[in-house]
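Here is a short report for someone meeting this structure for the first time. Keep the sequence and the 3D view open while you read.

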Amino acid sequence: MSPSPLFYQAGPALPEVSHAKGVYLWDETGKQYLDGCSGAIACNLGHGRDDIREAMLAQLDRVAFTYRTQFENAPAVALGQALVDLTEGELEKVFFVSSGSEAVESALKLARQYFVAKGEPQRRHFVSLRPSYHGSTLGALGVTGYEPLEAPFADIVNASLKVPGPDFYRHAGAGDAHHVEHVLSDTRAAIETAGPETIIAFVLEPVGGASTGARMLDRHYLDGIRALCDEFGCLLILDEVLTGIGRTGAWFAYQHYGVMPDLLATAKGLGAGYYPVGAVLSRADIVDTVMASGGFQHGHTYAGNPLACATGLAVIEVMQRENVLDNVAARGHELKDGLQALKARFPWVGDVRGLGLLWGVELVTDATTKIPFPAEQNRFARITALAKEEGLLIYPRRTLNGVAGDHFLVTPPLTIRADDIAELLARLERAMY
Ligand code: PMP
């Protein structure tokens, strides 16, 4: 193979993919891989689906691209309505984008323009968690709490307030009310120091993704954050880029907790790996206020194009027709039990946490002390490489300066069958020896 002109991350040369079907991919040598992480937690319905292909081809034959300022397009209107329906009408307005970063970026800008329109331009800070990941564009990076990504831009992205979220693994048992009270009172103190009148919104992932290894928030904590938002007059933005569209077993993760956001960003699973499509869902009055004061000063060329929206629509239709959320619940239990069994067997598996088919496994030097592996040991890279040798793809991240240990996500397609869950666990176990 001649040297590739592409650059991405330092690392070993990658195998060249040949084709994929269902939860499996094959490389050019014929080696088979079980997609234990849906690519980048995107291919939620598996690969090579005929029904999605048919829907995309039908739209391609009609029209692939129109620009949102020139034509209304039926797939966009239908997908917008489908998304509103999935929130049971609680979030009534939809703005389309093409990626998770764009969805977060758009939510941040919509929130800011809302307060400018309301005559509160002094609101210019967001509050987010450390660790967290909200995207790679400068605005989304500005609310991201992940040092390796922030470092080169620390002095040029807007200073947001980054506060610790609850950590039920290191500091408490799951759902520990005392721990939550403590974290919430520290958060309140940080906001009071910064000035509550300067805050635009909280930005949170209801279940952390790659940056935290599926660290869970809980009902009590989210209730507390919602109450702070209401008290200080700021908004709650949920980043459901990863958790949205069924990943946790509900259409949106907030529905498990019953805590209503004002704005919600979603992407990954909406296009299910077949086409990039993302969206911001909003309370109607926020959008009405912005539109009444000159409109939303924001947009992306490919946003909401007919092919993207026809794909998103086909994804939701397949999920409804096949009751995919029921499969997430059933397979999620099997995956959880299997991962817990691995935790019982391997002392360096510190924590197994998650919801639905979003599971994080944290690796530590010792399960009792919970001390993370030194960063230079690259445990996350080693386990990923060993899993790949066994024909299993998982989604890793490295240690965050002792905030969390190395971890990886296990997030297979939501349509995975029971025998493939068993195969996934068998391959993971072999990679751990
Ligand atoms: N937010 C979250 C929670 C994510 O997991 C991601 C992607 N990993 C993003 C935002 C950014 O999405 P994208 O890579 O599509 O820009």
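The buried residues of helix α10 pack against four elements: β4 (93-97), α4 (100-117), β9 (263-266) and β10 (278-282). The model is predicted. Helix α10 itself covers residues 284-292, and its buried residues are Ile 286, Val 287 and Val 290. Why do they fall on the same side of α10? They cover an arc of only 95 degrees around the axis, which puts them on one and the same side of the helix. A general rule of helices fits here. An α-helix has 3.6 residues a turn, so residues three or four places apart point the same way. The other side of α10 holds the exposed residues Asp 285 and Ala 292. Just after the helix comes Gly 294, with a positive phi of about 110 degrees.

**The seven-strand sheet**

Three of the packing partners of α10 are strands: β4, β9 and β10. They belong to an open sheet of 7 strands, in the order β4-β10-β9-β8-β7-β5-β6. The pairing is mixed. β4 and β6 (161-164) stand at the edges with a single partner strand each, so one side of each has no neighbour in the sheet. On average, neighbouring strands are turned by 20 degrees against each other, direction ignored.

Strand β8 takes in residues 235-240. It runs parallel to β9, and 4 bridges join the two. Across this pair, Ile 237 stands opposite Leu 263 in β9.

Leu 238 also sits in β8. Is Leu 238 buried or exposed? It counts as buried, because 28 C-beta neighbours lie inside 10 Å. Setting aside neighbours within four places in sequence, Leu 238 is in contact with Leu 204, Pro 206, Tyr 254, Pro 261 and Leu 264.

**The four-strand sheet**

Leu 238 and Val 17 are 221 residues apart in sequence, and their C-alpha atoms are 34 Å apart in space. Strand β1 covers residues 17-21. It belongs to an open sheet of 4 strands, ordered β1-β2-β3-β13, again with mixed pairing. β1 and β13 (392-393) stand at its edges. Each has a single partner strand, so one side of each is left without a neighbour in the sheet. β1 is hardly covered: of its 5 residues, the count of buried ones is 0.

β1 and β2 form a hairpin with 2 residues between them. Gly 22, in the turn, has a positive phi of about 60 degrees. Strand β2 covers residues 24-27, and β3 covers residues 32-35. Leu 25 has a partner in each direction: Ala 20 stands opposite it on one hand, and Tyr 33 in β3 is its bridge partner on the other.

The table sets out strand pairs from both sheets.

| Strand pair | Bridges | Sense | Residues facing each other |
|---|---|---|---|
| β8 and β9 | 4 bridges | parallel | Ile 237 and Leu 263 |
| β1 and β2 | 4 bridges | antiparallel | Ala 20 and Leu 25 |
| β2 and β3 | 3 bridges | antiparallel | Leu 25 and Tyr 33 |

In general, strands of a sheet pair through backbone hydrogen bonds, either parallel or antiparallel.

**Around the ligand**

How many residues surround the ligand? There are 14, and the closest are Ser 99, Gly 100, Ser 101, Val 241 and Leu 242. By class, the shell has 6 nonpolar, 6 polar and 2 charged residues. Helix α4 gives the largest share of this shell, 3 residues. The helix α4 is also one of the elements that the buried residues of α10 pack against.

How values were computed. Residues are numbered from 1 along each chain as its sequence is written. This is a predicted model: local features need pLDDT of at least 70, side-chain atom pairs count only at pLDDT 80 or more; totals for chains, interfaces and linings use all residues. A residue is buried if 20 or more other C-beta atoms lie within 10 Å of its own, exposed if 12 or fewer, and partly exposed in between; C-beta atoms are placed from the backbone. The arc is that of the directions from the helix axis to the C-beta atoms. Two residues are in contact if their C-beta atoms, placed from the backbone, lie within 7 Å. A residue is near a molecule or strand if its C-beta atom, placed from the backbone, lies within 6 Å of it. Ala, Val, Leu, Ile, Met, Phe, Trp, Tyr, Cys and Pro count as nonpolar, Asp, Glu, Lys and Arg as charged, and the others, Gly among them, as polar. Two strands pair if DSSP finds at least two bridges between them. Axes are lines fitted to C-alpha atoms, for helices over the stretch in contact, and angles run from 0 to 180 degrees between N-to-C directions.
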